[in-house]
Amino acid sequence: MTWLPLVGTLLGAVIALSSALLVEQRRARREDRRERRKVKQEVYARYLAAHANARTQLRVLSVASGLTNEERGHQAFTAYAGCYAPRYELAVLAPQSVLTLAKDSDRCARDLRDLIINGTNIPAQGHECMQKYLDALALVHTAMRAEMGADTDG
C-alpha cells in the first residue's frame, strides 16, 4: 500500500505534463498559421502593387512623345522589372491555383511591355492588350482573396 500514493503522484505528473505539452503544441501551430498567413498577405500585396506600378508606368510611357525607340525600350523594361522579385516570392508561397493565374498575368504584362517597346499607343491601338492584362490581374486578385479566405465570414 505504500506504493499507491507514489504511483498516483507519478501518474498525475505524467497527465499534467502531457496536457501542458499538448496545449503548447496547439498554440505553436496556431502561431505558425498566423505567421504564414501574414507573410502570404505581404507577398500578395507586393505582387499586386508591383503590377499596379508597372501598369501605370507602361500606360504613361505608351502615350509619351519625344522618346527614341531605345529610350522607350529601356523605360518599358525598367517599368516591368519591378515585377520579377514579387513573382518569385509568390512562387514560393502561393498555391498552384494562384500561380497559374499569376503566370498568365505576367505573360499579359510582357505582351503589353513589348507592344510599348514597338511604339504602340495603348489607348489608340493596344486597348485589347491592356484589357486582357487588367482582366488577368483581376483573376489573380480574386484567386488570392479566395485562397486567403477574405470573401468568407469568420
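1. Helices, in this note, are DSSP runs of H or I with at least four residues, numbered from the N terminus. With that in mind, the reader should know from the start that the structure is a predicted model, and that Val7, to which the third point returns, has its place in helix α1.

2. Helix α1 covers residues 3–63, and its 61 residues reach 90 Å from the first C-alpha to the last, close to the 90 Å expected at 1.5 Å a residue. The buried residues of this helix are Lys40, Val43, Tyr44, Tyr47, Ala50, His51, Ala54, Leu58, Leu61 and Ser62. Their cover includes α2 (69–81), α3 (84–93), α4 (96–117) and α5 (127–148).

3. Trp3, Leu6, Val7 and Leu10 together make a nonpolar surface patch of about 450 Å². Val7 has a relative accessible area of 47% and is therefore partly exposed, since that term is used for values between 20% and 50%.

4. Side chains of opposite charge can pair when their charged atoms come close, and a search of the whole structure finds seven salt bridges. One of them joins the side chains of Arg27 and Glu31, with a distance of 2.3 Å from N to O. Because Arg27 and Glu31 are four residues apart in helix α1, about one helical turn separates them. Arg27 counts as partly exposed at 32% relative accessibility, and Glu31 counts as partly exposed at 39%. This pair also belongs to a wider arrangement, in which Glu24, Arg27 and Glu31 are linked in a network of salt bridges.

5. Another salt bridge brings together the side chains of Arg46 and Glu89, at 2.4 Å from N to O. This pair links distant parts of the chain, since Arg46 lies in helix α1 and Glu89 in helix α3, with their positions 43 residues apart in the numbering. Arg46 has 37% relative accessibility and so counts as partly exposed, while Glu89, with a relative accessible area of 27%, is partly exposed too.

6. In helix α4, Asp104 forms a salt bridge with Arg107, and the closest N and O atoms are 3.0 Å apart. Asp104 and Arg107 are three residues apart in this helix, so they are separated by about one helical turn. The relative accessibility is 31% for Asp104, which counts as partly exposed, and 42% for Arg107, which likewise counts as partly exposed.

7. Helix α4 itself has 22 residues, which should span 32 Å at 1.5 Å a residue, and this agrees with the 31 Å that separates its end C-alpha atoms. A reader looking for its buried positions will find Val98, Leu99, Ala102, Ser105, Asp106, Cys108, Ala109, Leu112, Arg113, Ile116 and Ile117. The cover of these buried residues includes α1, α2, α3 and α5. Just after α4, Gly119 takes a positive phi of about 90°.

8. Is Arg87, with its relative accessible area of 17%, buried or exposed? Arg87, which is found in helix α3, is buried, because a value of 17% falls under the 20% cut-off. If its neighbours within four places in sequence are left aside, Arg87 is in contact with Tyr47, Tyr80, Asp106 and Arg110. Among these contacts, Tyr47 is one of the buried residues of α1, and Asp106 is one of the buried residues of α4.

9. The structure holds one aromatic pair. The ring centres of Tyr80 and Tyr84 are 5.2 Å apart and the ring planes stand at 75°, so the pair is edge-to-face. Tyr80 is buried, with a relative accessible area of 1%, whereas Tyr84 is partly exposed, with a relative accessible area of 33%. Tyr80 is also one of the residues in contact with Arg87.

10. A last point concerns Gln75, which is found in helix α2 and is partly exposed, with a relative accessible area of 37%. Which residues does Gln75 contact, leaving aside its neighbours within four places in sequence? They are Leu61 and Leu67. Gln75 and Leu61 are 14 residues apart in sequence, and their C-alpha atoms are 7.7 Å apart in space. Leu61 is itself among the buried residues of α1, a helix whose buried residues have α2 as part of their cover.

Technical notes: Residues numbered from 1 in each chain as written. Predicted model: local features only at pLDDT ≥ 70, side-chain atom pairs only at ≥ 80, totals over all residues. Heavy atoms only, no water. Helix = DSSP H or I, 4+ residues; strand = E, 2+ residues; numbered from the N terminus. Expected span 1.5 Å × (residues − 1). Buried < 20%, exposed > 50% of the residue type's maximum accessible area, 1.4 Å probe, protein only. Contact = heavy atoms within 4.5 Å. Patch = residues over 30% accessible without salt bridge, like charges linked within 9 Å, V, L, I, M, F, W, Y side chains within 5 Å. Areas by Shrake-Rupley, 256 points an atom, 1.4 Å probe, with all protein chains shown as cover. Salt bridge = Lys/Arg side-chain N within 4 Å of Asp/Glu carboxyl O. Phe/Tyr/Trp six-rings, centres within 6.5 Å; stacked < 30°, edge-to-face > 60°.
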